[in-house]
Every structure is written in C-alpha cells, then in structure tokens.
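Work through the exercises below with the model open beside you. Try each task before reading its solution.

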Amino acid sequence: MASTDNISSTAYLEHLPESEPDRPDLLRPIISLSSFFTERKRHASIGRHPANDVVLNSGRIPLLLGRFHCSINLEIRDGQYVYFLQDKGSNNGCYVGPHMIPKNGKRELFDGSIVSLAGPLNVMREGKVKRNPFRFQFLTGVGSITRPSSAVNHESAEAFPAPRSPRNMEQLLSDMMCSVCHEDV
C-alpha cells in the first residue's frame, strides 16, 4: 500500500518583488503548496501563527497579516483541479487581482492570478504608505503560463516563463525577510 495519499497537484505562490513587480527576470522566492494537498486535506492555511501550513510575517509591517489569515483550497471538478483563495475572517483582507474577497468569502484562482494578502499593492501604516510585502502570483506549474498585464485592460495577456523549482522553506523565509526588510539593509 502506498505510504502517502498526496494528490498530484502542482501549485505555487511566487513572491512578487516589491521594487520591480513587472520584471520576470528577477529571482522570486516560491512557496510550493503541492505537499499540503492530500486526499483527506485539500487546503493550505496561511497566516502568522505557527500552526499554519505557510507561516508568513513582516518585520517591517508587523501584524499586517492575520494569525489565521486565509487558505488556498483545492477542489476536483470533472477530473480538473480548481483552486480557491478563502479569507478566514481577516481584518486586512485578501485580494485576487484588484478584487477584495469578502470576509470569510472565497474566489477562484487561475494560473497567473495575482494574490495580495492583507491589503492591495500599497498599505497605510503609522501614517505612511508602504508597499505590501505579501503579494504573490499563483502558479499551477503547467508549462508556460499567462498572466494579466499590468495595464488596465486585463483582457490582454503576456507570456510568462514557467516557474522555477521551489527552494527549501528555510531559504524561502530568509529571502522573504530580505525582500520585506530591504529598506533596512
């Protein structure tokens, strides 16, 4: 009997660089979500609390992300994987593209969707506008993908290279902290 009941889903959250979000050539830390999806568990929880599957925090903007902020859920419909971002009652919200998900609501994710946790591109903290460090591109790892262009017209799409292999979690967290704290470096 197989020792694992993992689903053969390939899903990633690729961190978008704060300084130059439209440059696909920059190294972007990747969080692999695939290992969290099994026949019995079809969600990956995200938040500050260590009990989450993906633990994120920002030293530059503390408490921006909720303790149990959101989850990415997997459903299988007609043999196809369908992913959703679900808000878990967060104070600062979740966005897919420019659209805020209602508190405790969910929105379908597509290959290339831009996911912003705890606010849109910019957030207000201590009377200052700061760049949101929790912006990702959702990727399913299926060959080359498309992502909406940064222009207002989201009907057009541009080619985007397939994701790189995910790195280990320790390196990812180190890279994200550097990305989050780059102003203080």
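**Exercise 1: A strand and its two faces**

Strand β1 (residues 12–15) is covered on both faces: Y12 and E14 on one side, and L13 and H15 on the other, are all buried. Buried means under 20% relative accessible area, exposed over 50%, and partly exposed in between (1.4 Å probe, protein chains only). Strands (E, at least two residues) and helices (H or I, at least four) are DSSP runs, numbered from the N terminus.

This is a predicted model, in which local features need pLDDT of at least 70 and side-chain atom pairs count only at pLDDT 80 or more, while totals for chains, interfaces and linings use all residues. Residues are numbered from 1 along each chain as its sequence is written, and side-chain values use heavy atoms, with hydrogens and water left out.

Task: Find the bridge partners of L13 in β2 and in β13.

Solution.
- Step 1. Go to strand β2 (residues 30–32). Three bridges join β2 to β1, and the two run antiparallel. Strands pair if DSSP finds at least two bridges between them.
- Step 2. Read off the partner there: L13 is bridged to I31.
- Step 3. Turn to β13. Four bridges join β13 to β1, again antiparallel.
- Step 4. Here the partner of L13 is F138.

**Exercise 2: The nonpolar core**

Task: Which residues have the most contacts inside the largest nonpolar core, and which strand gives the most to this core?

Solution.
- Step 1. Fix the term. A nonpolar core is a set of buried Ala, Val, Leu, Ile, Met, Phe, Trp, Tyr and Cys residues joined through side-chain atoms within 4.5 Å.
- Step 2. Take the largest one. This core has 29 residues, and L33, I72, L85, L117 and F138 have the most contacts inside it.
- Step 3. List the strands. At least two core residues come from each of β3 (43–47), β5 (70–77), β6 (80–87), β7 (94–96), β10 (114–117) and β13 (135–139).
- Step 4. Pick the top contributor. β5 supplies three residues, the most of any.
- Step 5. Look around F138. Contact means heavy atoms within 4.5 Å. Beyond its neighbours within four places in sequence, F138 touches a list of residues including L13, L33, I72, Y83 and V115.

**Exercise 3: An open sheet**

Task: In what order do the five strands of the open sheet lie, and which are the edge strands?

Solution.
- Step 1. Trace the order: β4-β3-β5-β6-β9, with mixed pairing.
- Step 2. Find the edges. β4 and β9 each pair on one side only.
- Step 3. Check one pair. β3 and β5 are antiparallel and share four bridges.
- Step 4. Name a bridge in this pair: H43 is matched with N73 of β5.

**Exercise 4: A buried asparagine**

Task: Is N52 buried or exposed, and what does its side chain meet?

Solution.
- Step 1. Locate N52. It sits in the loop between β3 and β4 (54–55).
- Step 2. Check the area. N52 is buried, because its relative accessible area is 6%.
- Step 3. Look for polar contacts. These are pairs of N or O atoms within 3.5 Å; within protein, one must be able to donate a hydrogen and the other to accept it, and residues adjacent in sequence count only if both atoms are side-chain atoms.
- Step 4. Find the side-chain partner. N52 and S45 make a polar contact of 3.3 Å.
- Step 5. Find the backbone partner. A polar atom of the N52 side chain lies 2.9 Å from the backbone oxygen of H49.
- Step 6. Widen the view. Leaving aside neighbours within four places in sequence, N52 contacts S45, I46, G47, R67 and F68.

**Exercise 5: Salt bridges**

Task: Which residues do salt bridges that share partners join into one network?

Solution.
- Step 1. Fix the term. A salt bridge is a side-chain nitrogen of Lys or Arg within 4 Å of a carboxyl oxygen of Asp or Glu. The whole structure has four.
- Step 2. Start with E75 and R77. Their closest N and O atoms are 3.3 Å apart.
- Step 3. Add K106, whose side chain meets E75 at 3.2 Å, N to O. K106 is in strand β9 (residues 106–109) and E75 in β5, so this pair ties together parts 31 residues apart in sequence.
- Step 4. Join them: E75, R77 and K106 form one network.
- Step 5. Compare another bridge. E39 and R42 have their closest N and O atoms 3.1 Å apart.
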